[in-house]
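Thanks for coming. I will take a few minutes on one structure, so please have it open while I talk.

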Amino acid sequence: MADHRKHFFSGMRDGIPIALGYFAVSFTLGIACRNIGLSAFDSTLMSFTNLTSAGEFAALGIMAAGSSYWEMALSQLVINLRYMLMSCSLSQKMAPDTPMYHRLLVGYGVTDEIFGISVNVPGRLDPFYVYGAVSVASPAWALGTLFGVVLGNVLPARIVIALSVALYGMFIAIIVPPARKDRLLGMLILVSMALSWIFARLPLFSGISGGMKIIILTVLISGAAAFLFPVDRGLAGCASNTDDKGEGEGHA
Amino acid sequence: MRDTLVYIAVMAVVTYLIRVLPLTLIRREVRNVTVRSFLYYIPYVTLSVMTFPAILDSTGSQISGFAGLAAAVALAWFGASLFSVAAAACALVFVMELFAL
């Protein structure tokens with residue numbers, strides 16, 4: 001019990017930079033909501049129930065165009081499909097005996113950022129860590145949207161820009177330390193960034209949506225790495241493989 | 001415009017299913033070494049791909065974006081916490097944008 005509480009609070013602590021970044025990004029989302037005439041209630045509800053930036057921005061375009069519900073479903077599927085890869089990775093990070101209701105609740109919180117900090121915890125992932133992060137990040141996302149709709153352009157652009165960099169800073173803080181210890185991971189990160197740059201900049205690939213690019217590159221690069229450099233140790237998606245033996249394998 | 005609440009419900013259901021299905025369907029540890037390795041590499045690859053070059057385009061200029069990236073990498077390399085890395089990248093970008101760099 002005390003352990004869950006500890007994990008919950010450490011999730012909250014790691015969730016604070018996420019919440020700040022979310023607030024800034026969802027503020028601009030709220031402004032976009034207002035521009036297509038979405039009410040404050042609907043906008044906030046959308047953000048609270050979806051918790052995804054690219055998917056929601058795309059949804060606004062679909063709503064404004066009055067497209068079919070099927071089109072909405074399909075667009076969300078394509079844009080958010082990367083969460084499925086993240087969720088597969090997380091399934092191996094959680095203890096195999098994690099009860100179903102925890103799995104159903106954790107599912108709500110699989111965003112790019114919460115996934116990032118969740119794979120970063122040493123050893124197994126305690127669902128309460130995710131709940132801690134969600135408890136600060138999700139209200140920030142919903143409230144940011146609400147404020148964006150109600151207040152409009154009151155935040156100076158510089159602050160919004162600076163805060164949205166927080167999310168990228170977090171990703172860096174997650175991937176760099178393990179790369180320092182493991183040269184192979186360092187190379188993998190450099191290759192991923194280089195290919196991502198090529199995909200983003202070459203006109204040849206400009207027809208592919210951002211979400212699709214992430215999926216294609218992730219599957220290709222992780223797949224190639226898995227074939228060339230199989231790792232037969234520790235947990236999948238776990239940065240520190242040495243310290244999870246005791247608690248991880250014990251009740252598996 | 002069709003019913004907004006139906007749109008929102010459709011979005012929410014699709015997105016939730018994408019997130020929850022692997023977590024609920026894959027309940028055992030995967031034994032296959034290649035699949036395990038694949039899942040092990042996913043976070044590093046996907047976070048790298050999402051960060052670069054997007055961070056360069058997220059700020060007012062490529063220069064301030066690059067400075068934020070460099071500061072974050074340096075601090076993370078020397079073991080700064082998640083919060084300090086994020087805050088430092090933010091602060092640096094804010095100051096640089098202030099001087100229109």
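Helices here are DSSP runs of H or I with at least four residues, numbered from the N terminus. With that numbering, B:Pro53 sits in the loop between helix H2 (33-51) and H3 of chain B. The peptide bond leading into this proline, from B:Phe52 to B:Pro53, is cis, and its omega is near 5 degrees. As background, most peptide bonds are trans.

Before I go on, please note that this is a predicted model. Its scores are ipTM 0.88 and pTM 0.80. Chain B has a mean pLDDT of 89, with 98% of its residues at 70 or more. Within chain B, helix H1 (residues 4-25) has the highest confidence, at 95, and helix H3 (residues 54-58) has the lowest, at a mean of 87.

Now the chains, beginning with chain A. Chain A contains 12 helices and zero strands. Its C-alpha trace spans about 55 × 50 × 40 Å along the principal axes. The radius of gyration of chain A is 19 Å, which agrees with the value near 18 Å for a compact globule of 252 residues. Of those 252 residues, 50% count as buried. If we take the contacts in chain A between residues at least 6 apart in sequence, 81% of them join residues at least 24 apart.

What does chain B look like by the same account? Chain B has five helices and zero strands. Its radius of gyration is 20 Å, well over the 13 Å that the globule rule gives for 101 residues, so chain B is more spread out than a compact globule. The C-alpha trace of chain B spans about 50 × 50 × 20 Å along its principal axes. Buried residues make up 49% of the 101 in chain B. For contacts in chain B with a separation of 6 or more, residues 24 or more positions apart account for 37%.

Next, how the two chains meet. The contact takes 85 residues from chain A and 65 residues from chain B. On the side of chain A that touches chain B, the largest share comes from H9(A), with 18 residues. That side of chain A divides by class into 56 nonpolar, 21 polar and eight charged residues.

Which residues have the most contacts inside the largest nonpolar core? They are A:Ala137, A:Ile172, A:Ala173, B:Val85 and B:Ala89, in a core of 106 residues. Helix H9 (residues 157-181) of chain A gives the most to this core, 15 residues. To take one of the core residues, A:Ala137 is in contact with A:Gly15, A:Ile18, A:Ala19, A:Tyr22 and A:Ile114, once neighbours within four places in sequence are left aside.

Since H9(A) has come up twice, here is the helix itself. H9(A) has 25 residues and reaches 38 Å from its first C-alpha to its last, close to the 36 Å expected at 1.5 Å a residue. H9(A) is mostly covered, with 18 of its 25 residues buried.

I will finish in the early part of chain A, going along the sequence. A:Leu38 lies in the loop between helix H1 (2-35) and helix H2 (40-50) of chain A. Is A:Leu38 buried or exposed? A:Leu38 counts as buried because 25 C-beta neighbours lie inside 10 Å, and 20 are enough for that label. Not counting residues up to four places away in sequence, A:Leu38 touches A:Cys33, A:Ser43 and B:Thr4. A:Leu38 and A:Leu60 are 22 residues apart in sequence, and their C-alpha atoms are 8.7 Å apart in space.

The next loop, between H2 and H3 of chain A, holds A:Leu51. Most residues other than glycine have a negative phi. A:Leu51 is not a glycine, yet its phi is positive, at about 50 degrees. A:Leu51 also counts as buried, with 25 C-beta neighbours inside 10 Å.

Then comes helix H3 (residues 53-65) of chain A, which has 13 residues and reaches 19 Å from first C-alpha to last, close to the 18 Å expected at 1.5 Å a residue. The buried residues of H3(A) are A:Ser53, A:Gly55, A:Glu56, A:Ala58, A:Ala59, A:Ile62 and A:Met63. After H3(A) comes A:Gly66, with a positive phi near 65 degrees. That is where I will stop.

Terms used: Residues numbered from 1 in each chain as written. Chains lettered and ligands numbered in written order. Predicted model: local features only at pLDDT ≥ 70, side-chain atom pairs only at ≥ 80, totals over all residues. Core = buried A, V, L, I, M, F, W, Y, C linked by C-beta atoms within 7 Å. Buried ≥ 20, exposed ≤ 12 C-beta atoms within 10 Å, placed from the backbone. Helix = DSSP H or I, 4+ residues; strand = E, 2+ residues; numbered from the N terminus. Contact = placed C-beta atoms within 7 Å. Nonpolar A, V, L, I, M, F, W, Y, C, P; charged D, E, K, R; others polar. Expected span 1.5 Å × (residues − 1). pLDDT = per-residue confidence, 0-100. Rg over C-alpha atoms; globule rule 2.2 N^0.38 Å.
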